[in-house]
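Welcome to a short set of exercises with worked solutions. Keep the viewer open and try each task before reading on.

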Amino acid sequence: ELKNLIPKSAVGTLSANSSNVINLIIDAYNSLSSEVILENSKLPEGVTIAYTSRCKNGVTNKDENGRRCSNISIGDEVHFNISITSKGCPKQGKPEIIKVKPLGFTEEVEITLNFICECDCHSKGIENSPDCHFGNGTYECGACRCNEGRVGRNCECSSNDVATEDMDRTCRKDNGTDICSNNGECVCGTCECKKRENPEERYSGQFCECDNFNCDRSGSLLCGGHGRCECRKCICEPMWNGTACDCSLDESTCLASNKQICNGRGRCECGACKCDDLKFQGPTCEACPTCPGVCIEHKECVECRAFGTGEKKETCQKECSDFTLFKVKTRDKLPQPNDKSYPVMHCKERDANDCWFYYTYAVTNNTEKVVYVVEEPECPTGPDIIPIVAGVVAGIVLIGLALLLIWKLLMIIHDRREFAKFEKEKMNAKWDTGENPIYKSAVTTVVNPKYEGK
């Protein structure tokens with residue numbers, strides 16, 4: 001337990017065996033070299049030191065961890081960058097010495113700080129300069145060096161009133177670098193805010209960090225016209241909410257015709273309905289552009305607006321002006337469901353001339369009704385007599401030819417069968433002239449009795 005409290009210490013058991021002593025020394029040395037930690041001597045007043053280490057495998061540490069590197073083996077090389085900053089000159093003005101060394105090692109680096117507190121321009125200073133608040137200091141090197149008893153950037157304050165060496169320190173918020181938030185001047189340790197051209201706009205706050213004109217806007221109005229701006233934040237009027245006071249808490253605008261909030265199909269947010277079912281749209285979730293019956297409902301208005309026909313052609317302008325109409329050339333130019341961020345309903349209806357016309361109906365996210373219609377309806381055409389007659393004649397001729405070919409084929413088959421039968425019977429016939437009882441020779445032999453062979 002004591003080892004954990006003593007940096008770079010090692011614990012072992014000593015005995016008469018010399019090898020144990022050697023092992024203890026080796027373990028202590030390895031433990032000593034496993035981590036390198038830098039330490040420095042006491043720093044002079046107003047001087048700070050910062051470490052940045054570059055350890056093994058490219059690991060870089062900064063701030064408090066910048067003074068150490070871990071997991072170091074024998075022979076490894078690490079680098080430390082040391083930055084020393086002085087916020088002012090020491091009172092004595094003599095050099096200061098800082099010592100830096102690794103913890104557990106005797107080697108150290110000695111740094112000598114030589115302060116340059118005077119510049120060549122000091123010799124050209126103007127004593128009792130009017131630039132230093134009516135001659136209360138010497139103007140040298142572009143700044144005022146105040147006389148005894150006077151303080152401030154321009155020696156405008158008395159040290160009896162403000163007991164501080166840095167007049168601007170009390171004018172910086174959270175020890176920042178901006179004096180009076182860049183919106184004012186530091187006078188005797190107090191911020192004096194700038195004036196605006198518009199007298200109604202002003203900076204305020206201890207460090208001029210607040211104003212009444214940099215709040216969120218809605219509709220080009222500060223705080224939406226329903227609140228006031230205080231320290232860059234809107235303070236809304238009753239029944240209004242939001243960062244720009246643009247969210248109304250009044251639900252009367254969400255009432256549908258059936259006196260239900262958002263027609264029972266959504267929720268009221270900032271005075272407008274957010275419909276739960278995407279099929280329903282409109283300010284009160286009553287419009288359903290993709291529900292059955294929408295096409296028939298708007299058929300007559302679309303017909304009279306697009307083609308000037310239909311039952312409402314006489315009252316079209318009066319009754320059918322609640323939507324915006326666009327015409328397209330062909331059906332493939334109509335909006336598709338994936339082209340828009342809102343539902344689109346495709347419709348096909350028959351007009352007064354028994355023609356089909358195609359259109360789409362939709363309600364946009366801004367509750368605007370939009371209709372796209374194909375400019376030319378598709379009308380049925382009468383039959384073409386010539387092709388029909390030609391087709392009939394051609395059909396009859398082809399059928400006749402087919403029948404003739406079939407008849408000819410059957411006759412050929414029949415004749416071949418009869419001829420084959422005849423040939424067969426012919427081959428089977430074995431007639432002999434001597435056996436034929438009805439056979440009569442064509443030659444008749446007559447013996448002449450008077451003939452004696454001479």
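**Exercise 1. A pair of strands**

In which sense do strand β12 and strand β13 pair, and over how many bridges?

*Solution.* Keep in mind throughout that this is a predicted model.
- Step 1: Find strand β12 at residues 184-187 and strand β13 at residues 190-193.
- Step 2: Check the pairing, which is antiparallel over 4 bridges.
- Step 3: Pick out one bridge: E185 has E192 of β13 as its partner.
- Step 4: Look at the connection. β12 and β13 form a hairpin with 2 residues between them, and C188 in the turn has a positive phi of about 55°.

**Exercise 2. Positive phi in loops**

Where in the chain are C141 and R232 found, and what is the phi of C141 and of R232?

*Solution.*
- Step 1: Start from the background: most residues other than glycine have a negative phi.
- Step 2: Take C141, which sits in the loop between β8 (137-140) and β9 (143-146). Its phi is near 55°, a positive value in a residue other than glycine.
- Step 3: Add the exposure of C141: a relative accessibility of 39% lies between the 20% and 50% limits, so C141 counts as partly exposed.
- Step 4: Move to R232 in the loop between β18 (227-230) and β19 (233-236). R232 is not a glycine, yet its phi is positive, at about 65°.
- Step 5: R232 has 43% relative accessibility and therefore counts as partly exposed.

**Exercise 3. Reading an open sheet**

What is the strand order of the open sheet of 4 strands, and which strands stand at the edges?

*Solution.*
- Step 1: Recall that strands of a sheet pair through backbone hydrogen bonds, either parallel or antiparallel.
- Step 2: Trace the order, which is β4-β1-β6-β7, with antiparallel pairing.
- Step 3: Identify the edges. β4 (68-69) and β7 (109-113) each have a single partner strand, so one side of each is left without a neighbour in the sheet.
- Step 4: Zoom in on β6 (residues 96-102) and β7, which pair in the antiparallel sense over 5 bridges. One of the bridge partnerships joins I97 to T112 in β7.

**Exercise 4. Salt bridges**

How many salt bridges does the structure hold, and which parts of the chain does the pair E378 and R331 link?

*Solution.*
- Step 1: The count is 14 salt bridges.
- Step 2: Try K99 and E108, whose side chains meet in a salt bridge at 3.9 Å, N to O. This value falls within the 4 Å cut-off. K99 is partly exposed at 35% relative accessibility, and E108 is partly exposed at 41%.
- Step 3: Turn to E378 and R331, which form a salt bridge with their closest N and O atoms 3.9 Å apart. The pair links distant parts of the chain, 47 residues apart: E378 is in the loop between β27 (369-374) and α5, while R331 is in the loop between β24 (324-328) and β25 (344-350).
- Step 4: Compare with the exposure classes. E378 is partly exposed, with a relative accessible area of 38%, and R331 is partly exposed, with 45%.
- Step 5: Look for a network. Salt bridges that share partners join R267, E269 and D276. Within this network, the side chains of R267 and D276 meet at 2.8 Å, N to O.
- Step 6: Classify these two residues: R267 is partly exposed at 43%, whereas D276 counts as exposed at 52%.

**Exercise 5. A nonpolar patch**

Which residues make the nonpolar surface patch of about 660 Å²?

*Solution.*
- Step 1: The patch is made by I385, V389, V393, V397, L398, L401 and L404.
- Step 2: Place one of them: L401 lies in helix α5, residues 385-428.
- Step 3: Check its exposure. Patch members need over 30% relative accessible area, and L401 is partly exposed, with 45%.

**Exercise 6. The whole protein**

How many helices and strands does the protein have, and what percentage of its residues count as buried?

*Solution.*
- Step 1: The secondary structure comes to 5 helices and 27 strands.
- Step 2: Of the 454 residues, 25% count as buried.
- Step 3: The protein exposes about 32,600 Å², of which carbon and sulfur atoms supply 52%.
- Step 4: Among contacts between residues at least 6 apart in sequence, 34% join residues at least 24 apart.

How values were computed
Residues numbered from 1 in each chain as written. Predicted model: local features only at pLDDT ≥ 70, side-chain atom pairs only at ≥ 80, totals over all residues. Heavy atoms only, no water. Patch = residues over 30% accessible without salt bridge, like charges linked within 9 Å, V, L, I, M, F, W, Y side chains within 5 Å. Areas by Shrake-Rupley, 256 points an atom, 1.4 Å probe, with all protein chains shown as cover. Buried < 20%, exposed > 50% of the residue type's maximum accessible area, 1.4 Å probe, protein only. Contact = heavy atoms within 4.5 Å. Pairing = 2+ DSSP bridges.
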